[in-house]
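Trainee: I would like to go through this entry by question and answer. Where should we begin?

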Amino acid sequence: MEVGTRREQPLGRRWREIAGNNDFHWQKVAMAVGVAPATSVARQKMTTTTYEEDERAAATFWHRRQEDLRHWRLSKRRYTQKTEMDEEVLDKAVYLYLKKKGFTQTEQIFQQEQQNKNNKNSTSSISATDVSLSDPDLAKQILAFSQSESIPTLYHDGYSKLRSWTYSSLDLYKHELLRVLYPVFIHCFMDLIAKGHLQEARAFFNTFREDHEMMHSRDLTKLEGVLSPSHLEEMEFAHTLRQSKVNIKICQYSYDLLLQYLHKTQSITMLGIINEHIDFQVSPGQPSSISDDAEAFSLVGSGQDAANLINQKEIHWGLLEDCLEDRLDKAGGLLSDSEKTEGEGKEGELDENKKKSTEGGKQGGPLKKLKKDKVVGGAGKAARGEGEKSTAAPRVKPELTLPTISTDVEHSILEDLRNRVQLNNSTLPSVSFYTFINTHNGLNCSSISHDGSLVAGGFSDSSLKVWDMAKLGRMGSSVLQGENDENTHGSNSGKRSYTLYQGHSGPVYSASFSPFGDFLLSSSSDSTIRLWSTKLNANVVCYKGHNYPVWDVQFSPLGHYFASASHDRTARIWSMDRIQPLRILAGHLSDVDCVQWHMNCNYVATGSSDKTVRLWDVQTGECIRIFIGHRSMILSLAMSPDGRYMASGDEDGTIMMWDVSNGRCVTPLVGHTSCVWSLAFSCEGSLLASGSADSTVKLWDVNTSVKTPKTEDSKSGNTNRLRSLKTLPTKSTPVYALRFSRRNLLFAAGALSTNV
């Protein structure tokens with residue numbers, strides 16, 4: 001006991017020396033050992049305590065201090081370990097996220113920074129984890145996103161909340177915000193499939209499918225066949241969606257509303273999908289109108305950068321050197337002298353008539369007629385001036401060996417060009433409509449010759465029938481009979497009003513007359529193309545090369561060469577004298593549904609079910625333009641006479657006008673309510689005619705759209721820059737084919753339907 005007392009004595013004296021007579025120091029000691037506040041009275045009480053109480057109080061304080069110190073060191077060690085563990089978990093989460101999303105370059109940089117940090121053991125190296133730790137909210141969001149990838153319910157709940165918020169938005173901005181739902185919907189579904197949550201993905205798809213059935217029914221039908229993660233890679237449509245982004249036009253305020261919602265709800269899953277698969281084109285000012293949805297939403301094919309790079313290639317879109325228009329100009333120079341002579345003669349006759357009229361002769365009628373002829377002549381000259389402006393296109397050299405044109409044919413074409421009626425927004429064309437009856441839904445296609453004298457129809461029974469309008473007129477009938485005619489074989493049969501061509505072993509899907517009407521091409525589901533002679537009424541050549549049905553075939557503007565489009569996702573260039581294709585144009589991701597030649601024969605355009613239009617160089621077989629913007633399969637194409645513009649029509653009824661020189665869309669044309677099956681430019685290029693399954697023919701003003709700058713349209717609020725001039729309805733006849741003759745008479749053809 002004494003030993004213990006002796007050991008404690010120095011400690012007690014030490015505390016008394018520290019305290020001394022200073023009230024401040026004594027107050028600190030008294031408070032430290034848990035005594036009452038250190039006043040002078042408290043100090044008196046402490047000094048009167050016994051020696052043993054003083055020693056015990058000091059010892060107790062010392063042990064408590066040592067215990068607090070140990071607790072503090074242990075807590076610090078645990079905090080450091082926890083921080084290091086959180087840092088490791090966060091590093092791992094960031095690394096897995098970068099690896100999963102395929103951000104290879106960022107992943108390598110991140111690994112290099114982590115190695116530098118571990119090797120140098122220095123805080124100077126800054127990594128992505130350091131930045132995340134400086135912001136606890138960001139770290140929580142990254143960890144939450146990493147964990148959410150394994151929770152299917154987050155996709156369902158996140159999309160459901162986004163959908164509810166969108167539909168409850170203000171009407172002024174709702175239609176813009178609704179554009180976001182479809183891409184988020186399809187990527188939520190495909191993400192669930194990719195993660196192996198097949199049942200949850202199917203339930204999600206069936207729950208929200210109805211929201212997008214009207215606008216995207218074909219896409220949904222294709223996605224319905226995705227039943228396993230392997231299908232996402234095997235099915236090209238799904239693979240393209242996964243690798244592509246959607247361009248959505250939206251105003252600044254709608255964009256801000258969407259960001260505020262995502263930030264407020266902390267919808268990390270929805271934010272990740274939107275950030276990865278949607279590109280917003282934010283514009284200032286008021287939101288666009290609902291009618292602009294066709295061009296406000298576009299699916300960018302795999303590799304938009306690659307498409308932009310392709311569209312930078314050089315293209316010569318002008319007309320051929322020494323074309324018929326140039327020859328007409330030269331001939332017009334010669335005719336001007338004769339016109340002057342005729343004018344002088346008419347002026348002389350006019351002077352004589354004036355003299356006779358003053359003498360009391362009855363020359364009022366002829367005088368008025370001469371005045372009328374003079375006015376008509378002036379109008380013709382003015383119209384010819386407009387035609388010269390429309391053909392003021394650059395001249396290019398042909399890349400193919402062009403066929404020679406006989407003198408008689410050339411004179412006939414020049415005569416038609418001289419007598420051409422110049423059309424504009426105030427002078428609309430006359431229309432001649434050929435109606436097929438009693439086809440029993442067996443008519444698949446129709447074609448009209450360049451002068452309108454011959455009309456061909458391809459049928460499901462593998463037959464091809466050609467009507468001669470001159471013979472039909474002499475027979476006193478204006479009806480094109482279809483399949484149910486009971487006619488004997490042979491072109492000279494008196495009972496039959498048409499010529500029957502038989503040779504295909506499957507439905508005929510396309511027909512095309514040569515520019516001069518002496519040949520006819522047809523394509524069929526039997527994967528062949530047949531060349532027929534309209535003079536011999538016989539099959540001349542059968543071209544084999546495609547592996548699947550051939551949907552479309554078109555002669556070049558000068559004949560001899562032709563192009564075909566097939567279900568095998570290729571288009572092919574042919575010549576009449578070779579049974580094998582000259583070029584195979586491959587690049588589309590789905591069926592090539594239609595094909596159209598450029599006016600200078602150096603390029604071919606193809607429309608596909610992959611919702612894109614491509615322009616190909618005939619000489620090299622290289623794709624030089626990709627036109628992206630349609631939301632459904634392309635069914636029809638047309639080239640302007642000067643070769644500068646191209647029109648394309650799709651299954652939804654939308655027509656888009658493209659500038660071939662840069663690959664950009666000039667304007668969309670919205671008006672049809674069903675498939676656009678045929679398009680045709682007038683000969684001077686001022687009008688565009690469109691024929692649709694909605695049983696109407698529409699005429700559009702092309703010159704207004706080309707001349708009006710986009711800035712003026714945006715200021716005036718005019719979003720449909722291409723003006724619809726007139727709509728020509730039929731009773732119940734979907735329009736299969738359109739053709740402007742060389743004299744600018746519009747021909748149309750279709751089959752009378754009782755289902756429309």
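Mentor: Begin with a term: contact means heavy atoms within 4.5 Å. Keep in mind that this is a predicted model.

Trainee: Leaving aside neighbours within four places in sequence, which residues is Thr 612 in contact with?

Mentor: Thr 612 lies in strand S22, which covers residues 612-617. With neighbours within four places in sequence left aside, the contacts of Thr 612 are His 588, Thr 606, Gly 607, Phe 627, Ile 628 and Ile 634.

Trainee: Is Thr 612 buried or exposed?

Mentor: Buried means under 20% relative accessible area. The relative accessible area of Thr 612 is 10%, so the residue counts as buried.

Trainee: Which side chain makes a polar contact with the side chain of Thr 612?

Mentor: A polar contact needs a pair of N or O atoms within 3.5 Å. The pair in question is 2.7 Å apart, and the partner of the Thr 612 side chain is the side chain of Asp 610.

Trainee: Where is Thr 620 found, and what separates its C-alpha atom from that of Glu 399?

Mentor: Thr 620 sits in the loop between S22 and strand S23 (623-628). A polar atom of its side chain lies 3.3 Å from the backbone nitrogen of Glu 622. Glu 399 is 221 residues away from Thr 620 along the chain, yet the two C-alpha atoms are separated by 9.7 Å.

Trainee: How many residues of strand S18 are buried?

Mentor: In a regular strand the side chains alternate between the two faces of the sheet. On one side of S18, Thr 570, Arg 572 and Trp 574 are buried, and on the other side Ala 571, Ile 573 and Ser 575 are buried too. For S18, residues 570-575, the count of buried residues is six of six.

Trainee: Which residues are the bridge partners of Arg 572?

Mentor: S18 pairs in the antiparallel sense with strand S17 (residues 561-566) over five bridges. S18 also pairs in the antiparallel sense with strand S19 (residues 583-586), over four bridges. Towards S17, Arg 572 is bridged to Ser 564. Towards S19, the partner of Arg 572 is Ile 584.

Trainee: Which residue takes a positive phi in the hairpin of S17 and S18?

Mentor: That hairpin has three residues between its strands. A positive phi, near 70 degrees, is found there at Arg 569.

Trainee: Which loops hold Asn 438 and Asn 537, and what is the phi of each residue?

Mentor: Asn 438 is in the loop between strand S6 (431-437) and strand S7 (443-448), and Asn 537 is in the loop between strand S14 (528-533) and strand S15 (538-544). At a relative accessibility of 35%, Asn 438 is partly exposed, and at 27% Asn 537 also counts as partly exposed. Neither residue is a glycine, but phi is positive, at about 55 degrees for Asn 438 and near 55 degrees for Asn 537.

Trainee: What is the order of the open sheet of four strands, and why is one side of each edge strand left without a neighbour?

Mentor: The order is S24-S25-S26-S27, with antiparallel pairing. Strand S24 (634-639) and strand S27 (664-670) each have a single partner strand, so one side of each has no neighbour in the sheet. The average turn between neighbouring strands of this sheet, direction ignored, is 20 degrees.

Trainee: Which residue in S26 is the bridge partner of Ala 647?

Mentor: Strand S25 (residues 645-650) and strand S26 (residues 654-659) pair in the antiparallel sense over five bridges. The bridge partner of Ala 647 in S26 is Met 657.

Trainee: How many helices and strands are there in the protein, and what share of its residues counts as buried?

Mentor: The protein has 24 helices and 33 strands. Of its 756 residues, the buried share is 44%.

Trainee: What is the mean pLDDT, and over which residues does pLDDT stay under 50?

Mentor: The mean pLDDT is 75, and 67% of the residues reach 70 or more. Where pLDDT is low, the predicted coordinates should not be read in detail. One stretch with pLDDT under 50, with 24 contacts beyond four places in sequence, is residues 121-134. Another with pLDDT below 50, with 14 contacts beyond near neighbours in sequence, is residues 484-493.

Note on methods: Residues numbered from 1 in each chain as written. Predicted model: local features only at pLDDT ≥ 70, side-chain atom pairs only at ≥ 80, totals over all residues. Heavy atoms only, no water. Helix = DSSP H or I, 4+ residues; strand = E, 2+ residues; numbered from the N terminus. Buried < 20%, exposed > 50% of the residue type's maximum accessible area, 1.4 Å probe, protein only. Polar contact = N/O pair within 3.5 Å; in protein donor to acceptor, adjacent residues only side chain to side chain. pLDDT = per-residue confidence, 0-100. Pairing = 2+ DSSP bridges. Axes fitted to C-alpha atoms, helices over the stretch in contact; angles between N-to-C directions.
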